[in-house]
Amino acid sequence: MTRTADVVIVGAGVMGASVAWHLTTLGCRSVILLDSASSPGTGSTGRATGGFRAQFASAINVRLSLLSREKLRHFHDATGGECGYQPVGYLFLAADQDQLTTLGEALAVQRAAGLIESRMVSLDEIATLNPSIVLDGVVGGSFGDTDGYIRPLGILQGYLDAAVRAGAEVQYDCGPIGIERDGNRLGSVTARGGRIAAANVVNATGAWAADLALLAGVTLPVTPVRRQVALTAPTTALPASTPMTIFAEDGFHFRVRDGRVLLLWPVETTGASRYDTTFDAGWLDGVTARAHRRVPALRQVSIDRAGSWCGLYEMSPDHHAILGAAPGLPNFWLINGSSGHGVMHAPALGQLLAEMILTGRTTSLDVHALRSTRFLEGAPNPAPVLL
């Protein structure tokens, strides 16, 4: 049996859920989300560490964060859900003058894009903001007061529940997905539940986005990249108000969540296949050595190896999201390649794509920099150096 829908969204993670809810708020009730998982939050959303920041080096990313920040502040009133926004700050630490200059240049971009809460900080200020760290080898940094933490699964569930209340439908365990193309348009989506004739199809499949796009005959430059998180045993070594602290020298960073510390070090790890998220225990020695050297309070805190995990980023070539209609397919919509910023930008990107689908343009923000054709045009955004 063939059903019909105004919009079929493939992928019911935080990005697809945001699109669905924003469509319903704009009056579109014929929305179906499809997900191959058996329950919500089992993909990349559930493996996110829950950071939020507006300290970026590109104007479009700053503006996306500012739009998301405003929506997070009103998330409960809008959806009934709990996003867990805690503005405890992001602290970037420079190891030399070049890195400090880069942070200063990013600050100028942030100011021009409307972010007024970030600032450069001295060693004395850093010692006050995060007294747990060793400052040997640190020359300065930057700090954003309204950056901080969010709850990825809270945002996901809030959007899903609100979308369903407004008339959207969510189907799980529906893979594999098929796509039927009719010339320069997509005609329908097939799933385990049957065929759905769709006026619009949204690709919200995260790290798997290139595979879905290929079914529609579209080459999408989105690549999965493994990222691992070391989880400590329960500890009171660091307070919950500790800001996200990032060492620009090698990307090592840490945060406190639910009485444990999350340790991250973004280097390549070994997986058996393209989408393998098996945890690579060989990475632990490097991340714990950095933690012990830079955060003495963690030297006696053990690692919960069984609780540590690996997830997938969806990387675009310029580390910026790809948003809008696919080249040559005006009813195939892309919301992909956020490159590690997907959860924090999902509130903004979901709103923007819903505006595109229903009106043909965005009214909240100029997103020309995120157009899907920029790589074909040879006009990518400058890839970030530190931020």
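This is a guided tour of a predicted model, stop by stop, with a suggestion of what to select at each one.

Residues are numbered from 1 along each chain as its sequence is written, and side-chain values use heavy atoms, with hydrogens and water left out. Because the model is predicted, local features need pLDDT of at least 70 and side-chain atom pairs count only at pLDDT 80 or more, whereas totals for chains, interfaces and linings use all residues.

**Stop 1: strand β11 and its partners**

Begin by selecting residues 194–203, which form strand β11; strands here are DSSP runs of E with at least two residues, helices are runs of H or I with at least four, and both are numbered from the N terminus. Two strands are said to pair if DSSP finds at least two bridges between them. Add residues 2–10, strand β1, and you have a parallel pairing with β11 that extends over eight bridges; within this pairing, T2 stands opposite R195.

Next add strand β10, residues 185–191, which runs antiparallel to β11 and is joined to it by four bridges. The connection between β10 and β11 is a hairpin of two residues, and the bridge partner of S188 is A197 in β11. Finally bring in strand β18, residues 329–336, which pairs with β11 in the parallel sense over three bridges; here V202 is the residue to centre on, since it can be viewed opposite W333 in β18.

**Stop 2: the cavity**

Now select T232, L263, T288, A291, H292, L298, V301 and I303, which line the largest cavity. A cavity is, on a 1 Å grid over the protein atoms alone, a set of points where a 1.4 Å probe fits but cannot get out, and its lining residues have an atom within 4 Å of a point. The structure holds one cavity of 30 Å³ or more, and about 40 Å³ of space lies in the largest cavity, where a volume is the space filled by probe spheres set on grid points that are joined across faces, edges and corners. Helix α8, residues 284–294, gives the most to this lining, with three residues. The lining divides into five nonpolar residues, three polar and no charged.

**Stop 3: aromatic rings**

Rings of Phe, Tyr and Trp (its six-membered ring) pair if their centres lie within 6.5 Å, and planes under 30 degrees apart count as stacked, over 60 as edge-to-face and the rest as tilted. By this rule there are eight aromatic pairs. Select W21 and Y159, whose ring centres are 5.5 Å apart and whose planes are at 35 degrees, so the pair is tilted. W21 lies in helix α1 (residues 14–25) and Y159 in helix α6 (residues 152–165), so the pair ties together parts that are 138 residues apart in sequence. Both W21 and Y159 are buried, that is, under 20% relative accessible area, with exposed meaning over 50% and partly exposed in between (1.4 Å probe, protein chains only). Adding F75 to the selection completes a cluster of W21, F75 and Y159 linked by ring pairs.

Move on to F252 and F254, with centres 6.1 Å apart and planes at 35 degrees, so that this pair is tilted; both F252 and F254 are buried.

**Stop 4: charges over rings**

A charge sits over a ring if NZ of Lys or CZ of Arg is within 6 Å of the ring centre and within 35 degrees of the ring normal. Select R53 with F56 to see the charged end of R53 over the ring, 3.9 Å from its centre, and then R255 with Y149, where R255 lies over the face of the ring at 3.7 Å from the ring centre.

**Stop 5: G148**

Select G148, which is in strand β7 (residues 148–149) and counts as buried at 0% relative accessibility. G51 is 97 residues from G148 in sequence, and the two are 6.0 Å apart in space, C-alpha to C-alpha.

**Stop 6: backbone details in two loops**

Most residues other than glycine have a negative phi, and most peptide bonds are trans. In the loop between β8 (169–171) and β9 (178–182), select P176, where the peptide bond from G175 to P176 is cis, with omega near 0 degrees. D173 is placed in the loop between β8 and β9, has a positive phi near 55 degrees, and counts as partly exposed at 41% relative accessibility.

End at H319, in the loop between β16 (309–315) and β17 (322–326), where phi is near 65 degrees, again a positive value in a residue other than glycine; at 30% relative accessibility, H319 counts as partly exposed.

Technical notes. On a 1 Å grid over the protein atoms alone, a cavity is a set of points where a 1.4 Å probe fits but cannot get out, and a pocket is an open set with protein on both sides within 12 Å along at least five of seven lines; lining residues have an atom within 4 Å of a point. Ala, Val, Leu, Ile, Met, Phe, Trp, Tyr, Cys and Pro count as nonpolar, Asp, Glu, Lys and Arg as charged, and the others, Gly among them, as polar.
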